[in-house]
Structures are given as structure tokens and as C-alpha cells.
Amino acid sequence: TLRKPISQSSMADWASKNLNMHTQGIFRRRISISNMLSWNGGSIKKPMLITSNRTIKKEACEMFKLVQSYMGDRQTRMDRNHVALVTVTKCWSIQGLRDELYIQLIRQTTDNTCYQSLAWGWELMAISLAFFSPSPKFQSYLEGYIYRHLDSDENIAQRMKELVDLKNKKNSKSRKKRKQNTEDEGLPISTYAKYCYRKLQKVAVTGGKKGLRKPTVEEIVHARNAIVTPSLFGSSLEEIMVRQQDMYPGNKLPWVQTQLSQQVLALGGEQTEGIFRIPGDIDEVNALKLQVDQWRIPSGLSDPNIPASLLKLWYRELEEPVIPQQFYKECISNYENPDAAVAVVQLLPELNRLVLCYLIHFLQVFAQPSNVGRTKMDVNNLAMVMAPNCLRCQSDDPRVIFENTRKEMSFLRMLIVHLDTSFIKGLV
């Protein structure tokens, strides 16, 4: 559900307070806000946003050149993947540069008369959102900008035509002209905007790429491909099943769910102390995620905590939880009643029911007394670590969240103990 972001007047007010107003000419006249936020073919001599940080002041001007290079507005010897990698790595490493990058992209995708450049600017924004979020202070401004472009393709084409006509009148005698193109070259801008809007909502919660390893070219390529080909992580169950239809047409369960579950067991996860509680190395988990998103399970895995951590992440990042939101109240109302808890499962949509039953069947393996002795993860511990990945409390009230957390754990515990999942054996 798209919530309506801040108004245009609020965005203008934010810009007037936070933009580092530039000047031009020998009299150093201040550039207007509209010009500050319109495509610029030249370089900038200071950051777009007000800052006292010397590193950011220096890096911001260099980053603007990288943005122009990625968009094809400045010549460079680097290929576009490498330009994106350098840009993203700078911002991933220096938190203060992130808002600066997003405001630069807003500028270069506003009143841009070259469609290819415009599309590449939006593409770089989409790639960046796969690695880091804007600051909370800047998020609503970026959200408002993206929101205005969700259904804007006709308006963009019309605006481009107006700007080109105006420029042609002014520069009718000029020999040097920038390539101008109002025809579609590739994806509509609204496609990028819709992807960016969803990605912004998620990255604001998850915080982007974690770990110590810097971004890689493979991750850049993967982030770009995700614009058109939805990831196995963060999508809906229905989208995932549609995506795997060509490769695994007979499967009734998501390939990613069954494969990661089987990897945990194949590596002896049911005999590993603290399984699901002790996280796997975050960089190793990120590397595995990249492989799984390309339908590959590497053969060199040795630590069951890595696929276990990624499996938890997959459940947690589903666009809608395994137990859909409309069943949430019924779940927490029946957290002490085994029959009622089992009855809720039977009410779920068929795909959700199968995915949940597979998960419970999987957890029942770990709940066996012979395994609990080794893992130190009894049914209460299993319910505690898995409940937040299956149920999502929508309240903002800390007291409600705290109280519901206990009920969510108890509900999942009821299912692990009482749900008959024998029919799942052999199902993929």
C-alpha cells in the first residue's frame, strides 16, 4: 500500500533549509532552488547539501562527476559497472555522502532532455537503494520525489519536448548540442520509480548491505537486474512461484525455501549448538544470498549457520509474511488453544498453508529430544527465534509490541507441538 508522502510545498520548504545554495558569474549571484534542482551539464564546486564535514565537501564534487559519467553526460574510461561500484562504495563507506548522492540524482533526473541519461540516473538510484538508505531526515524528501514519478511517463515526454523546443530557440546558432531524445529507450521511468519506491520502504527498515566486505561488481550487476527480474528475497510468495515456473514447473513450494532448509540439514544443523540463534558470518551470508538469487547452491559450504541465517532472512524479508496480516489477530487470540491455532492454519491461502507447514515440519525435526540435547534449542527457543519471521505486529506502541511478541512465540510453539505435518514429507 502506497502511503501518500509529504506535499510539494513541504519538499520546497525542506530544500530551502537544507540546500547549499550555489552561485554563478563574476557577481556570485545565487542560483535559484529550481535551477539547483535541474539537470546540470557542468561540474559543481561545493556539495548540494549544507555540511561542515571537509571529507564530504571534497568527495561530493568528485561524486557528481561519477554520477554524470554513469548517466553518459561525461566521458570516462571506466565502464558503467565500475563507475557505479566506485560511487556506491564511497557512499557505503561514508554515511554522510548518501543523502548527497540522492540529491544529486534528483537534480540530474529533473528537466533532463536526454531519455537515455534520465533512465540511467534512475537506474543508479535503484542500484544505490540496494546498498544503503537515505538518512531519516532526508527519506521523506526522496520518497516524495519518487512518488511524483510513479505515473509520470506522459508528463516526462511532454516536459522533454518543451525543454528541447525552448533550448533550440535559444541555441539555434550554437554548433555544440547535447544529444536530445524524447523517444523511449528501454524501460519507462515509472518502472524505475515503482521499483525505487518499494526498495526505499524496505531499505529504510533493513538498513541496506551489512558486513565488512565492500560492495562488488557482481552485487552491482545483481542490483541492476533486480529492477526487471524480482529477487527471490523481498518479493511476495506468488511472485517467487511465478518466477520459478520455467525452471521448476512441478514444484509446489518455493525452491529457495526447500533448498536452504535441506542445506541446513545436510550440513548437520540439527546437531549444531545454537542453530538459528547464533548468526552465520554476515559476509558469507551475503555471498550465499547472491548465489541463491541466481538459482545456485555452492558446494563448498561447511557452516550450517550460514544457510540457516539466510533462510531466516528469506522468511523475514517476504513482502507479506508467511501468515498474512489479515490472520494476525486470530493467531494472537488463540496462542494458548492448540485446536484453534491449528484451525487458523487451515484457513490460510493454499500457498501460504504449504509454506508454513513445510517450515513447521522443518522445525519439528529440531524439536526432537535427541536433537535438543545437542542444539540447546528446545521448542520454546525455536518459537522465539522464528516467530518474528512469520508474524508481523503492525502496532507502533512498544507495550503492544512487547505483549504481542509473547503471544506470537506461544502461537508458533503450539504449531510446532500440535500441527500434523506428515503430509509434507517428499513435497517440493
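**Exercise 1. Determine whether Pro307 is buried or exposed in this predicted model, and describe its surroundings.**

Solution. Pro307 has a relative accessible area of 0%. Buried means under 20%, so Pro307 is buried. The next step is to place the residue: Pro307 belongs to helix α14, which covers residues 305–317. Then list its contacts. Leaving aside residues up to four places away in sequence, Pro307 touches Leu260, Gln263, Val264, Leu267 and Leu288. A C-alpha to C-alpha distance can be added: Ser261 is 46 residues from Pro307 in sequence and 7.6 Å from it in space.

**Exercise 2. Classify how helix α17 is oriented with respect to helix α20, and state which residues meet.**

Solution. Two packed helices are described by the angle between their axes and by the distance between those axes. Helix α17 spans residues 350–366 and helix α20 spans residues 398–418; their axes come within 9 Å and cross at roughly 75°. Angles of 65 to 115 degrees count as roughly perpendicular, so α17 is roughly perpendicular to α20.

On the α17 side, the residues in contact are Leu356, Ile360, Leu363 and Gln364. On the α20 side they are Leu412, Leu415 and Ile416. Sorted by type, the contact holds 6 nonpolar residues, 1 polar and no charged.

**Exercise 3. Find which members of the largest nonpolar core touch the most other members, and follow Leu415 outward.**

Solution. The largest nonpolar core has 63 residues. Those touching the most other members are Phe276, Val292, Leu356, Phe411 and Leu415. Helix α17 supplies the largest share of this core, 11 residues. Leu415, not counting residues up to four places away in sequence, touches Ala341, Val342, Val345, Leu356, Ile360 and Gln364. Another core, of 62 residues, lies apart from the largest one; among its members are Ile31, Trp92, Ile127 and Phe132. As background, nonpolar side chains in soluble globular proteins tend to be buried together.

**Exercise 4. Describe the annotated region at residues 235–423 and then the chain as a whole.**

Solution. Start with the record: an unreviewed UniProt entry places the feature "domain: Rho-GAP" at residues 235–423. Over that range the chain is 61% helix and 0% strand, and the end C-alpha atoms lie 27 Å apart.

Then widen the view to the chain. Its secondary structure comes to 20 helices and 2 strands. The C-alpha trace spans about 85 × 45 × 45 Å along its principal axes. Of the 428 residues, 50% are buried. Finally, take the contacts between residues at least 6 apart in sequence: 78% of them join residues at least 24 apart.

Key: Residues are numbered from 1 along each chain as its sequence is written. This is a predicted model: local features need pLDDT of at least 70, side-chain atom pairs count only at pLDDT 80 or more; totals for chains, interfaces and linings use all residues. Side-chain values use heavy atoms; hydrogens and water are left out. Axes are lines fitted to C-alpha atoms, for helices over the stretch in contact, and angles run from 0 to 180 degrees between N-to-C directions. Helices (H or I, at least four residues) and strands (E, at least two) are DSSP runs, numbered from the N terminus. Angles under 35 degrees count as roughly parallel, over 145 as roughly antiparallel, 65 to 115 as roughly perpendicular and the rest as oblique. Contact means heavy atoms within 4.5 Å. Ala, Val, Leu, Ile, Met, Phe, Trp, Tyr, Cys and Pro count as nonpolar, Asp, Glu, Lys and Arg as charged, and the others, Gly among them, as polar. A nonpolar core is a set of buried Ala, Val, Leu, Ile, Met, Phe, Trp, Tyr and Cys residues joined through side-chain atoms within 4.5 Å. Buried means under 20% relative accessible area, exposed over 50%, partly exposed in between (1.4 Å probe, protein chains only). UniProt positions are given in the numbering used here, feature names are shortened, and annotations may be inferred rather than shown by experiment.
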